[in-house]
Each structure stands twice: as C-alpha cells, then as structure tokens.
Amino acid sequence: MAKQKSSGSGLMSSAGLMRYYDADKRAVHVQPKTVMVFGAVCGIVILALSAGFGLWP
C-alpha cells in the first residue's frame, strides 16, 4: 500500500489564492451602490451644465 501524506497543508494551488486574498485586504473597497450613485450624480451635473450653457439639444 502507498503511504498517505499527513502534512495537512492542503492543495498547492490554494496557497496562491490565499496569498492573493491576503494582499487584497489592504485594497480600497467601494460598494457597487456607491459607484452607481456617483455615476448618476455626474450625469445629472453634466445635463444641468449643458442646459445652463444652452447646449441642450
């Protein structure tokens, strides 16, 4: 019979994923709702400025 490894270190491919997610904890996280609201506000401001300067079609 073959001997089983008892190291318990898991899969080798999971080691890279763990390092990736550990490094990702330091990144800036923005919620999707925040991005949508920011985009809507920018669109409204652009439309208001276009109407104010007479560039509205």
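**Along helix α2 and its nonpolar patch**

Start by selecting helix α2: it has 21 residues and spans 30 Å from the first C-alpha to the last, close to the 30 Å expected at 1.5 Å a residue. The model is predicted.

Next, colour the whole protein chain by secondary structure. Two helices appear, and zero strands.

Return to α2, which covers residues 32-52, and pick V45 within the helix. Is V45 buried, partly exposed or exposed? V45 counts as partly exposed because its relative accessibility is 43%, and the partly exposed class runs between 20% and 50%.

Now add V37, V41, L49, F53 and L55 to the selection. Together with V45, these residues form a nonpolar patch on the surface, with about 620 Å² of accessible area. An α-helix has 3.6 residues a turn, so residues three or four places apart point the same way.

Move to G54, just after α2, where phi is positive at about 75°.

Finally, show the surface of the protein chain. About 5,900 Å² is exposed, with 68% supplied by carbon and sulfur atoms. Buried residues account for 0% of the 57 residues.

Technical notes. Residues numbered from 1 in each chain as written. Predicted model: local features only at pLDDT ≥ 70, side-chain atom pairs only at ≥ 80, totals over all residues. Heavy atoms only, no water. Patch = residues over 30% accessible without salt bridge, like charges linked within 9 Å, V, L, I, M, F, W, Y side chains within 5 Å. Areas by Shrake-Rupley, 256 points an atom, 1.4 Å probe, with all protein chains shown as cover. Salt bridge = Lys/Arg side-chain N within 4 Å of Asp/Glu carboxyl O. Helix = DSSP H or I, 4+ residues; strand = E, 2+ residues; numbered from the N terminus. Buried < 20%, exposed > 50% of the residue type's maximum accessible area, 1.4 Å probe, protein only. Expected span 1.5 Å × (residues − 1).
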